[in-house]
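Q: Got a minute to go through this one with me? I'd like to talk about salt bridges first, then a sheet and the helices on it.

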Amino acid sequence: MEQNNSRMTVVLLFGGLSSEHEVSRVSAGTFADNMPAAQYEIVKVGVTKDGRWLSTGASTAQMADGSWEALPGNCPCILSPDRSVHGLVYLPADGSVKTQRVDVVIPVFHGLWGEDGTVQGLLKLAGIPFVGCDVLASAACMDKAVACALFEAAGVPHCPWASFTQYQLESDLDSCCEQLEYKLGYPMFVKPANAGSSVGITKVMDRYGLRTGIELALREDTKLVFEAAVDGQEVECAVLGSDPALATCPGEILAGAEFYTYDDKYKNGVSQVVIPARLSEEKQAEVSALARKAYTALGCEGLARCDFFVEKTTGRVLINEINTFPGFTPISMYPKLMEHTGLPVPELIDELIALAMDRAARAKEKNHG
């Protein structure tokens, strides 16, 4: 396919197989709406929930409501790992095969099979620059058990936690529960180790709730993380770049439910965002410093959102998790925090692409591919 060489060709990946498929479609629309056509040739590629890759000319509205999948102009495609292609292979119904070279990919995926290092690995293999964290950081941040271990190793404060596999839990559930009660006490949170946006998470108050929470979380993953509940303010920092990374002031989540649920984040609109968070300047600075430390400790690059609790009784700042491709919906914290620092979404996207191209150039110089 012909390209206009005066513009950068950008593949915008969206959708995916995770439980956050719908949010990804909205986030990708934010990117599409804020990338001027004079500067970027945007190639939209949606991934359906059953894993089909389709190049589409869908509008932002069609992406958001899911109707993009039925558009007659959609064309099956794949992202080729062959570096001589450096982009997409189109597979139209007439049997012809066409290729398109691309400059950079923005993988606007949230959750598994996109934010977890899988797509990043494909892009690394293909030698194509991409926005966001690399393979290892993406995988480590997605796995809450691995992330907690790395936080501990780096000295980033975190609430008491434990992890069990499905085999351990099913082999001797009573013993696991007793260990959790001794180490963490109630209330505690039960979480799938690998899932995003509060999916499969339960706050439990007793043994019955713990058993029920384990059953729910095992539907999402074969490894679970258990964390002592923290009575604290939920605050988040946006982080950009690397060495040194820029961390914004924290914003605060005023959750509409007992904890910040998936529906609260993306569906019912009950939660509220306060920027900056209702903290002293000294405490804000402490949160931002810990965000940079956590981001660096887990090897993040490009962008990530670092989520914390500020314990109400002690003032301790405790890391909760890192999201390596945070939401870009109209109510999402990451773009709001960046805008508060003076970097509106169009300029933020330019910077993210520049960071991706710079990383690729440095890798090429070192012959690491």
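Q: Asp143 first: buried or exposed?
A: Buried, with a relative accessible area of 10%. Keep in mind that this is a predicted model.

Q: And what does the side chain of Asp143 meet in a salt bridge?
A: Lys223, at 2.8 Å from N to O. The two come from distant parts of the chain, 80 residues apart: Asp143 is in the loop between helix 4 (135–142) and helix 5 (144–154), while Lys223 is in strand 11.

Q: How does Lys223 count in terms of accessibility?
A: Lys223 is at 23% relative accessibility, so it counts as partly exposed. The cut-off for buried is under 20%.

Q: How many salt bridges are there in the model?
A: The count comes to 18.

Q: Which residue does Arg305 pair with?
A: Glu236, where the closest N and O atoms are 3.2 Å apart. Arg305 sits in strand 16 (residues 303–311) and Glu236 in strand 12 (residues 232–241), so this salt bridge ties together parts that are 69 residues apart in sequence.

Q: Are those two buried or exposed?
A: Arg305 counts as buried at 8% relative accessibility, and Glu236 is buried too, with a relative accessible area of 6%.

Q: Which residues do salt bridges with shared partners join into one network?
A: Asp174, Glu181, Arg207 and Arg211.

Q: What about Lys49, who's its salt-bridge partner?
A: Glu22, with the closest N and O atoms 2.5 Å apart. Lys49 is in the loop between strand 2 (40–47) and strand 3 (53–56), and Glu22 belongs to helix 1 (residues 21–33); the pair links distant parts of the chain, 27 residues apart.

Q: How do Lys49 and Glu22 count by relative accessibility?
A: Partly exposed in both cases: Lys49 has 48% and Glu22 has 30%.

Q: OK, switching to the sheet. What's the strand order in the open sheet of 4 strands?
A: The order is 8-11-9-10, and the pairing is antiparallel.

Q: Which strands stand at the edges?
A: Strand 8 (161–165) and strand 10 (202–204). Each has a single partner strand, so one side of each is left without a neighbour in the sheet. From one strand to the next, the twist averages 25°.

Q: How many bridges do strand 9 and strand 11 pair over?
A: They pair over 5 bridges, in the antiparallel sense. Strand 9 covers residues 188–192 and strand 11 covers residues 223–228. In that pairing, Phe189 is opposite Glu227 of strand 11.

Q: Which strands does helix 7 lie across?
A: Strand 8, strand 9 and strand 11. Helix 7 (residues 173–183) runs at about 170° to strand 8. Helix 8 (residues 207–217) also packs on the sheet, where it touches strand 9, strand 10 and strand 11, and its direction makes about 20° with that of strand 9.

Q: Which residues of helix 8 are buried?
A: Gly209, Leu210, Gly213, Ile214 and Ala217. Down the axis of helix 8, the buried residues fall within an arc of 135°, so they line one face of the helix.

Q: What do the buried residues of helix 8 pack against?
A: Helix 6 (166–171), helix 7, strand 9, strand 10 and strand 11.

Q: Last one: what caps the N-terminal end of helix 8?
A: That's Asp206, with a side-chain oxygen 3.4 Å from the backbone nitrogen of Tyr208.

Technical notes. Residues are numbered from 1 along each chain as its sequence is written. This is a predicted model: local features need pLDDT of at least 70, side-chain atom pairs count only at pLDDT 80 or more; totals for chains, interfaces and linings use all residues. Side-chain values use heavy atoms; hydrogens and water are left out. Two strands pair if DSSP finds at least two bridges between them. Axes are lines fitted to C-alpha atoms, for helices over the stretch in contact, and angles run from 0 to 180 degrees between N-to-C directions. Contact means heavy atoms within 4.5 Å. Buried means under 20% relative accessible area, exposed over 50%, partly exposed in between (1.4 Å probe, protein chains only). The arc is that of the directions from the helix axis to the C-beta atoms. A polar contact is a pair of N or O atoms within 3.5 Å; within protein, one must be able to donate a hydrogen and the other to accept it, and residues adjacent in sequence count only if both atoms are side-chain atoms. A salt bridge is a side-chain nitrogen of Lys or Arg within 4 Å of a carboxyl oxygen of Asp or Glu.
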